[in-house]
Amino acid sequence: MFVNVAWHSLLNRKYTVLLTLISVAISTFVLLGVEHIRHEAKESFSKTVSGMDLIIGARTGQLNLLLYSVFRMGNATNNISWESYRELATDPKIAWTIPISLGDSHRGYRVMGTTQDYFRHFRFGQNTSLSFAQGGPFVQLFDVVIGAEVARKLGYRLNESIVLAHGLGQASFSVHDDKPFRVTGILRPTGTPVDQALYISLQGMEAIHLNWKEGVKIPGKQISDHDIEKLDLTPKSITAFMVGLKSKMTTFHVQRQVNHYQKEPLLAILPGIALTELWQMMNMMENTLRLISILVLFSSLLGLSTMLLSSIRERQREIAVMRAIGASPFFVFLIIQTEVLLISLSGIIVAIFALAIGIFFAQSLLAENYGIFINHFVLNRETLGILGIIVMGTLLLGLIPALSAYRLSLHHGLAVRS
């Protein structure tokens, strides 16, 4: 009965109520959006790599090294010589290494030169290994393995021929069209930047740059595939390499050894610590966005309370009729609180649907440009807690018009008895 009476009362003021509902929906959308994207971004970053003890690259900031080696964001300041890599990789404390070489792309997706150890040792999420949906790892010089998102977006299948481009642009005029690659494997989806890349051998990376110098193709210089196979394609340098240790106890010892390496300036980082530093840097921005969202929500809920308060005077006749037919002041109080609850819940429902639809369409954009994978299902433990706080806040602010209606109904009750 409360809901029925409150619903018809709101319908009598539908245009004002609709504007208030939209205001509540927008503010809730902003708050839920900030919280959901913040939470999902943390989850996306933290599950990208696991089981890796160190990442080693040229000396730079540890965040920069983490971003370009794991998340394919940004560029390396310098490379590591192959001799230094081999010397460090043969350290008896190291169980395995994954060398990576970056710099090329294919239709906006990064190309990574590596070895088959990448498919054997790389882990993501809860120590989950990579697996193939189709095919297998590269074997021949011009074989390429592609991530799940690359295959889905570009429609590639096994044995298709693709051409890589020099540089990292979406559209490049410097292409390695004389040395096409054949798709030999498609990885299963991981929900990490692994899905957004193509993988070739380090020798394949060297082969496509044989007739290039300082990023420019040398005119007229062509090397046949037959001649390439006779060449030594050992890379002169790599971008970085990932390290797994035989014992976790030696982590800091190996890190210190690398950071004091004499032959060239190198940096070894712990991925977990680098991620923590990243979130500490983001903490101030997160709190600022959260504060702005809360203030926007508070202003819209205050507007809801103000709208109902201003309507109380116009509803004196309605309240007088309810009192005349025997409604108690508490009944009138509950009617106003029910109206507040209906408006806020309707706004929340609209906000949830709008956010889910918005994230659904923005998923590919965030993944392709920022390596952030956002789940479009917005209801989880945190968001449910936030929604509960919104409802409680709404009911608290709703006390203002509800108590005003309560006092007015008491006045009308005295008038009826007199």
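**Close-up views of a predicted model**

**View 1. Aromatic pairs, beginning with F119 and Y199.** Let's start with the rings: the count of aromatic pairs comes to 11 in this predicted model. Take F119 and Y199, whose ring centres are 6.2 Å apart, with an angle of 80° between the planes, so this pair counts as edge-to-face. F119 belongs to helix α5 (residues 117-121) and Y199 to strand β12 (residues 197-201), so the pair ties together parts that are 80 residues apart in sequence. As for their surroundings, F119 is buried, with a relative accessible area of 9%, and Y199 is buried too, at 0%.

**View 2. A stacked pair in helix α12.** Here you can look at F330 and F333, an aromatic pair that is stacked. Their rings lie 5.9 Å apart, centre to centre, and 15° separates the planes; a pair counts as stacked because its planes are under 30 degrees apart. Both residues sit in helix α12 (residues 329-370), and because they are 3 residues apart there, about one helical turn separates them. F333 has a relative accessible area of 13%, so this residue is buried.

**View 3. A cluster of linked rings.** Back to F119 and Y199, now with their company: ring pairs join them with Y118, F122, F132 and F138 into a cluster. When you pick out the members in the structure, recall that F119 lies in helix α5 and Y199 in strand β12.

**View 4. The cavity and its lining.** How many cavities of 30 Å³ or more does the structure hold? There is 1, and the volume of the largest cavity is about 30 Å³. If you would like to find the spot, look for the residues that line it: I56, L88, D91, I94, V254, Q257 and V258. Which helix gives the largest share of this lining? Helix α9 (residues 251-259) does, with 3 residues. Sorted by class, the lining has 5 nonpolar residues, 1 polar and 1 charged.

**View 5. S404 and its contacts in helix α13.** This last view turns to a serine, S404, placed in helix α13 (residues 381-417). Is S404 buried or exposed? S404 is buried, because its relative accessible area is 18% and buried means under 20%. Leaving aside residues up to four places away in sequence, S404 touches L309 and I312, so you may like to display these side by side with the serine.

Conventions:
Residues numbered from 1 in each chain as written. Predicted model: local features only at pLDDT ≥ 70, side-chain atom pairs only at ≥ 80, totals over all residues. Heavy atoms only, no water. 1 Å grid on protein atoms, 1.4 Å probe; cavity = no way out; pocket = protein on both sides within 12 Å on 5 of 7 lines; lining within 4 Å. Points joined across faces, edges and corners; volume = space filled by probe spheres on them. Helix = DSSP H or I, 4+ residues; strand = E, 2+ residues; numbered from the N terminus. Nonpolar A, V, L, I, M, F, W, Y, C, P; charged D, E, K, R; others polar. Buried < 20%, exposed > 50% of the residue type's maximum accessible area, 1.4 Å probe, protein only. Contact = heavy atoms within 4.5 Å. Phe/Tyr/Trp six-rings, centres within 6.5 Å; stacked < 30°, edge-to-face > 60°.
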